[in-house]
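Open the model in your viewer and keep the selection panel at hand. The tour goes from the ligand to a helix, then to the core and two threonines.

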Amino acid sequence: MKKEQKTAWVTGGSSGLGLHTVRALREDGWLVIAGARSFRENTEEDGVIRLPLDVTDPESVREFCRKAGEISPPDALVQCAGMLVLGSCEETETEEYRRVMDTNFLGMVRMNREVLPRMRERGGGKIVLFSSINGLMGIPFQSAYTASKHAIEGYAECLAAEVKPFGIRVMLVEPGDHRSGSEKYRPRAAAMTPDSPYAEEFESAAGRIRRDENSGSDPDRLGRKIARTLDRKRIPFRKRIASADQHLAVYIHRFLGAEINRTVLRKYYIRRKRKA
Ligand SMILES: NC(=O)c1ccc[n+]([C@@H]2O[C@H](COP(=O)([O-])OP(=O)(O)OC[C@H]3O[C@@H](n4cnc5c(N)ncnc54)[C@H](OP(=O)(O)O)[C@@H]3O)[C@@H](O)[C@H]2O)c1
């Protein structure tokens, strides 16, 4: 018997892990409606319907949901849209924090507020929220991103408990480093100049972060894992998709004290030049 085609709405579907997830869902037979700021009105490419979407703009979120709803209501909503700003806590501007929170966290809140009534009316659905390993531990010079992903982790626990009676299931995806992201979504805080008192440690950590992403896990594999998981009736609340050493880092972080964790993380991310 032929499987009934299901519909997934995907935010941040123009690049990185969002794009890989879009492709995997499409290959698995889903009708995919992807949203991103760089998409023009109602185009279709490789069988994927693309609609413009800026998750920081309530009107754009409403329009995306209205148009996507006219095409096909969502069986699944996959929220991948995200960005980060690299910088020290002292020098990252409030406005830079606001931009990251607005995209990564409030963007999800806006989308969910539009989608939840539709899923309730239809008797259920699946909501996938992209968190990160940073949602579980704080990494130096990524405080805005780390705070936004911790917010998502807490929010998801509340959401999952509230929507369960309506047949709506929530899944947090916690990726480790994947070689997928684009530098344009990782700007530096404006104050991170060579004159910054943090410059040497910041450059060391930024270099490590870049190297880890460039040599990270296969983004195609992550897309396929999500598509496979969404095909099941029951989905797990947490799906960590990371290398063995990043799984280990999370485990250690959970069981070691804060002082030891800080020492381990500083050692990993920060190499100081030896004085001549
Ligand atoms: N790559 C990794 O190693 C990694 C690790 C852990 C977690 N993650 C998470 O995975 C997700 C994807 O990250 P990535 O690094 O793979 O991709 P990426 O290349 O950084 O792509 C970011 C995506 O978000 C979209 N986006 C940004 N701002 C948006 C806005 N205001 N409204 C709508 N869409 C917006 C971008 O599209 P437009 O510019 O076209 O709008 C783009 O499609 C993020 O949530 C990220 O935190 C990634």
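Select the shell around the ligand: by class it holds ten nonpolar, 16 polar and four charged residues. This is a predicted model. In total, 30 residues surround the ligand. Label the closest ones: Gly12, Gly16, Arg37, Gly82 and Gly181. Which helix gives the largest share of the shell? Colour helix H1, residues 16-27, which supplies three residues.

**Helix H2**

Now select residues 58-71, helix H2. Put a distance between its end C-alpha atoms: they are 20 Å apart. At 1.5 Å a residue, the 14 residues should span 20 Å, so the expected span and the model agree.

Show the side chains of Val61, Phe64, Cys65 and Ala68; these H2 residues are buried. Look down the axis of H2. The buried residues fall within an arc of 95°, so they line one face of the helix. An α-helix has 3.6 residues a turn, so residues three or four places apart point the same way.

What do the buried residues of H2 pack against? Select strand S1 (7-11), strand S2 (31-36), strand S4 (48-52) and helix H3 (94-122). Then turn to the face of H2 pointing away from its buried side. There you find the exposed residues Glu59, Arg66 and Glu70.

**The cores**

Next, the largest nonpolar core, with 51 residues. Pick out Ala8, Val10, Val32, Leu77, Val128 and Leu129, the members with the most contacts inside this core. Centre on Val10. Beyond residues up to four places away in sequence, Val10 touches Gly18, Thr21, Val22, Val32, Ala34, Val78 and Cys80. Another core, of twelve residues, lies apart from the largest one. Select some of its members, including Met83, Leu84, Tyr145 and Phe202.

**Two threonines**

Go to Thr21, in helix H1. Is Thr21 buried or exposed? It is buried, because 30 other C-beta atoms lie within 10 Å, and 20 or more count as buried. Leaving out residues up to four places away in sequence, Thr21 touches Val10, Val78, Cys80, Gly223 and Ile226. For a long view, add Arg120: the C-alpha atoms of Thr21 and Arg120 are separated by 24 Å, with their positions 99 residues apart along the chain.

Finish at Thr229, in helix H6, residues 219-230. Thr229 is partly exposed, with 17 other C-beta atoms within 10 Å. Outside its neighbours within four places in sequence, Thr229 contacts Ile235 and Lys239. Then draw a line to Ile260: the two C-alpha atoms, of Thr229 and Ile260, are 35 Å apart.

Definitions and conventions
Residues numbered from 1 in each chain as written. Predicted model: local features only at pLDDT ≥ 70, side-chain atom pairs only at ≥ 80, totals over all residues. Near = placed C-beta within 6 Å. Helix = DSSP H or I, 4+ residues; strand = E, 2+ residues; numbered from the N terminus. Nonpolar A, V, L, I, M, F, W, Y, C, P; charged D, E, K, R; others polar. Expected span 1.5 Å × (residues − 1). Arc of directions from axis to C-beta. Contact = placed C-beta atoms within 7 Å. Core = buried A, V, L, I, M, F, W, Y, C linked by C-beta atoms within 7 Å.
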